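Student: I would like a close look at a single part of this model, taken slowly and with the geometry spelled out.

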Amino acid sequence: IETGEPIHFEEFVPALSRWLAITLTRLNDGFVATIEDITTEKQVRQQLDNAMQALHRSNQNLEQFAYVASHDLQ
(Lines give C-alpha, C1' and ligand atoms only; values in the text may rest on other atoms or scores of the structure.)
Protein backbone atom coordinates (compact mmCIF):
# COMPACT_ATOMS: atom_id res chain seq x y z
CA ILE A 1 0.00 0.00 0.00
CA GLU A 2 2.94 2.35 0.70
CA THR A 3 3.89 2.31 -3.00
CA GLY A 4 0.42 3.45 -4.03
CA GLU A 5 -0.18 0.28 -6.05
CA PRO A 6 -3.46 -1.49 -5.26
CA ILE A 7 -3.22 -4.89 -3.62
CA HIS A 8 -5.64 -7.51 -4.91
CA PHE A 9 -6.15 -11.01 -3.49
CA GLU A 10 -8.80 -13.70 -3.20
CA GLU A 11 -9.61 -15.33 0.10
CA PHE A 12 -11.97 -18.07 1.25
CA VAL A 13 -13.80 -17.12 4.46
CA PRO A 14 -14.93 -20.33 6.19
CA ALA A 15 -17.25 -18.52 8.61
CA LEU A 16 -19.23 -17.24 5.60
CA SER A 17 -18.55 -20.19 3.28
CA ARG A 18 -17.72 -17.57 0.66
CA TRP A 19 -14.87 -16.60 -1.66
CA LEU A 20 -14.10 -12.89 -1.54
CA ALA A 21 -12.03 -10.73 -3.89
CA ILE A 22 -10.39 -8.02 -1.81
CA THR A 23 -8.67 -4.92 -3.15
CA LEU A 24 -6.80 -2.49 -0.94
CA THR A 25 -6.05 0.96 -2.38
CA ARG A 26 -4.19 3.83 -0.76
CA LEU A 27 -6.26 6.94 -0.10
CA ASN A 28 -4.55 9.95 1.52
CA ASP A 29 -3.03 8.63 4.76
CA GLY A 30 -5.29 5.55 4.92
CA PHE A 31 -6.68 2.99 2.54
CA VAL A 32 -9.94 1.84 0.99
CA ALA A 33 -10.92 -1.84 1.00
CA THR A 34 -13.21 -3.11 -1.73
CA ILE A 35 -14.74 -6.54 -1.18
CA GLU A 36 -16.64 -8.55 -3.79
CA ASP A 37 -18.30 -11.95 -3.35
CA ILE A 38 -16.88 -14.20 -6.09
CA THR A 39 -18.21 -17.52 -4.78
CA THR A 40 -20.38 -18.17 -7.86
CA GLU A 41 -17.49 -17.41 -10.22
CA LYS A 42 -15.20 -19.78 -8.28
CA GLN A 43 -17.83 -22.55 -8.41
CA VAL A 44 -18.35 -22.09 -12.16
CA ARG A 45 -14.57 -22.10 -12.72
CA GLN A 46 -14.26 -25.35 -10.72
CA GLN A 47 -17.05 -26.96 -12.78
CA LEU A 48 -15.34 -25.83 -15.97
CA ASP A 49 -11.99 -27.21 -14.81
CA ASN A 50 -13.64 -30.54 -13.94
CA ALA A 51 -15.33 -30.70 -17.35
CA MET A 52 -12.03 -29.92 -19.10
CA GLN A 53 -10.28 -32.71 -17.19
CA ALA A 54 -13.06 -35.15 -18.10
CA LEU A 55 -12.81 -34.12 -21.78
CA HIS A 56 -9.04 -34.55 -21.68
CA ARG A 57 -9.40 -38.08 -20.26
CA SER A 58 -12.05 -38.89 -22.86
CA ASN A 59 -9.78 -37.58 -25.62
CA GLN A 60 -6.93 -39.76 -24.42
CA ASN A 61 -9.21 -42.81 -24.37
CA LEU A 62 -10.43 -42.06 -27.90
CA GLU A 63 -6.85 -41.61 -29.13
CA GLN A 64 -5.89 -44.99 -27.64
CA PHE A 65 -8.95 -46.62 -29.19
CA ALA A 66 -8.17 -45.06 -32.60
CA TYR A 67 -4.59 -46.30 -32.38
CA VAL A 68 -5.67 -49.85 -31.54
CA ALA A 69 -8.39 -49.85 -34.20
CA SER A 70 -5.96 -48.52 -36.81
CA HIS A 71 -3.38 -51.12 -35.84
CA ASP A 72 -5.95 -53.92 -36.04
CA LEU A 73 -7.16 -52.73 -39.47
CA GLN A 74 -3.63 -52.77 -40.84
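Is Trp 19 buried, partly exposed or exposed, and what is its relative accessibility? Please take the surroundings of that residue as the part to examine.

Tutor: Keeping in mind that this is a predicted model, Trp 19 counts as partly exposed, with a relative accessibility of 29%. That value lies between the 20% under which a residue is called buried and the 50% over which a residue is called exposed.

Two side chains can be placed around Trp 19, and the aromatic partner comes first. The structure has one aromatic pair by the rule applied here, and that pair is formed by the rings of Phe 12 and Trp 19, whose centres are 5.5 Å apart and whose planes meet at 55 degrees, so the arrangement is classed as tilted. The label follows because planes under 30 degrees apart would count as stacked and planes over 60 degrees apart as edge-to-face. Phe 12 is likewise partly exposed, at a relative accessible area of 36%.

The other neighbour is charged: Lys 42 lies over the face of Trp 19, at 4.4 Å from the ring centre. Lys 42 is itself partly exposed, with 28% relative accessible area, and this residue also takes part in a salt bridge with Glu 10, in which the closest N and O atoms are 2.9 Å apart. Glu 10 belongs to strand S1 (residues 7–13) and Lys 42 to helix H1 (residues 39–73), so this contact ties together parts that are 32 residues apart in sequence. Glu 10, for its part, is partly exposed at 39% relative accessibility. In general, side chains of opposite charge can pair when their charged atoms come close.

Trp 19 falls within the range of strand S2 (residues 18–27), which pairs with strand S3 (residues 30–37) in the antiparallel sense over eight bridges. The structure holds two salt bridges, and one of them joins these two strands: Arg 18 pairs with Asp 37, the closest N and O atoms being 3.3 Å apart, with Arg 18 in strand S2 and Asp 37 in strand S3, 19 residues apart. Both ends are partly exposed, Arg 18 with a relative accessible area of 37% and Asp 37 with 39%.

Further along the pairing, Arg 26 stands opposite Phe 31 in S3, and in the hairpin, which has two residues between the strands, Asn 28 takes a positive phi near 55 degrees.

Notes. Residues numbered from 1 in each chain as written. Predicted model: local features only at pLDDT ≥ 70, side-chain atom pairs only at ≥ 80, totals over all residues. Heavy atoms only, no water. Pairing = 2+ DSSP bridges. Helix = DSSP H or I, 4+ residues; strand = E, 2+ residues; numbered from the N terminus. Salt bridge = Lys/Arg side-chain N within 4 Å of Asp/Glu carboxyl O. Buried < 20%, exposed > 50% of the residue type's maximum accessible area, 1.4 Å probe, protein only. Phe/Tyr/Trp six-rings, centres within 6.5 Å; stacked < 30°, edge-to-face > 60°. Lys NZ or Arg CZ within 6 Å of the ring centre and 35° of its normal.
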